[in-house]
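Reader: I am new to this structure and would like to go through its surface and its cysteines step by step. Could we begin with the words that will be needed?

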Amino acid sequence: SAFISYILSFGILMILIPLLFKKRQSISMLMMRIYRVGLRDFVIVKRGRCLLQTFYSFIMFLPPLFLLAYPLVNFNYLFSLPALIYPSIIGLAICLFSLITLLVSGSNQASSDMLTNTIVVDSETLNDIYRSKGYTI
């Protein structure tokens, strides 16, 4: 049931909502006023890149998965549930790899951004980029 609740909530928050909005923003991206744009052309990402980024986010959000069963079982028992602990460990390893990539890269790109050839910018930066290209905002 932990996997079902995780997949259902993730599907709504990270797949359905970004695909409904024209600028492919999740709720957190809307609140922070940031956009994911292509690295070369600075255009808002298309559905394909958005879905690839979402798949990577699905793996990145796995580490707290084993805590979903915490209200039902003893805390020590959580670490003996292989169905929950192994995905959490894999997600944690990928999350650490992404953090190291973010710290090492010159353009502050996480491994998911490098995989999708995108970058995350705030609204002011995106407006400045579009103004320099000659678009009216």
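Author: Buried means under 20% relative accessible area, exposed means over 50%, and partly exposed lies in between. Please keep in mind that this is a predicted model.

Reader: Is Cys50 buried or exposed?

Author: The relative accessible area of Cys50 is 7%. Since the limit for the lowest class is under 20%, Cys50 is therefore buried.

Reader: And which class does Cys95 fall into?

Author: For Cys95 the relative accessible area is 28%. That value has to be set against the limits of 20% and 50%, between which the middle class lies, so Cys95 counts as partly exposed.

Reader: How many disulfides does the structure hold?

Author: A disulfide is a covalent bond between the sulfur atoms of two cysteines, and the pair has to lie within 2.5 Å to be counted. The sulfur of Cys95 has its closest cysteine sulfur in Cys50, 19 Å away, which is too far for a bond. The number of disulfides in the structure is 0.

Reader: Turning to the surface, which helix gives the largest share of the nonpolar patch?

Author: The patch covers about 850 Å² and is made by Leu8, Ile12, Leu13, Leu16, Leu20, Ile27, Met31 and Met32. Two elements give two or more residues to it, namely helix H1 (2–20) and helix H2 (27–32). The largest share, 5 residues, comes from H1.

Reader: How is Leu16 classed by its accessibility?

Author: Leu16 is placed in helix H1 and is one of the residues that make the nonpolar patch. Because its relative accessibility is 45%, Leu16 counts as partly exposed.

Key: Residues numbered from 1 in each chain as written. Predicted model: local features only at pLDDT ≥ 70, side-chain atom pairs only at ≥ 80, totals over all residues. Heavy atoms only, no water. Patch = residues over 30% accessible without salt bridge, like charges linked within 9 Å, V, L, I, M, F, W, Y side chains within 5 Å. Areas by Shrake-Rupley, 256 points an atom, 1.4 Å probe, with all protein chains shown as cover. Salt bridge = Lys/Arg side-chain N within 4 Å of Asp/Glu carboxyl O. Helix = DSSP H or I, 4+ residues; strand = E, 2+ residues; numbered from the N terminus. Buried < 20%, exposed > 50% of the residue type's maximum accessible area, 1.4 Å probe, protein only.
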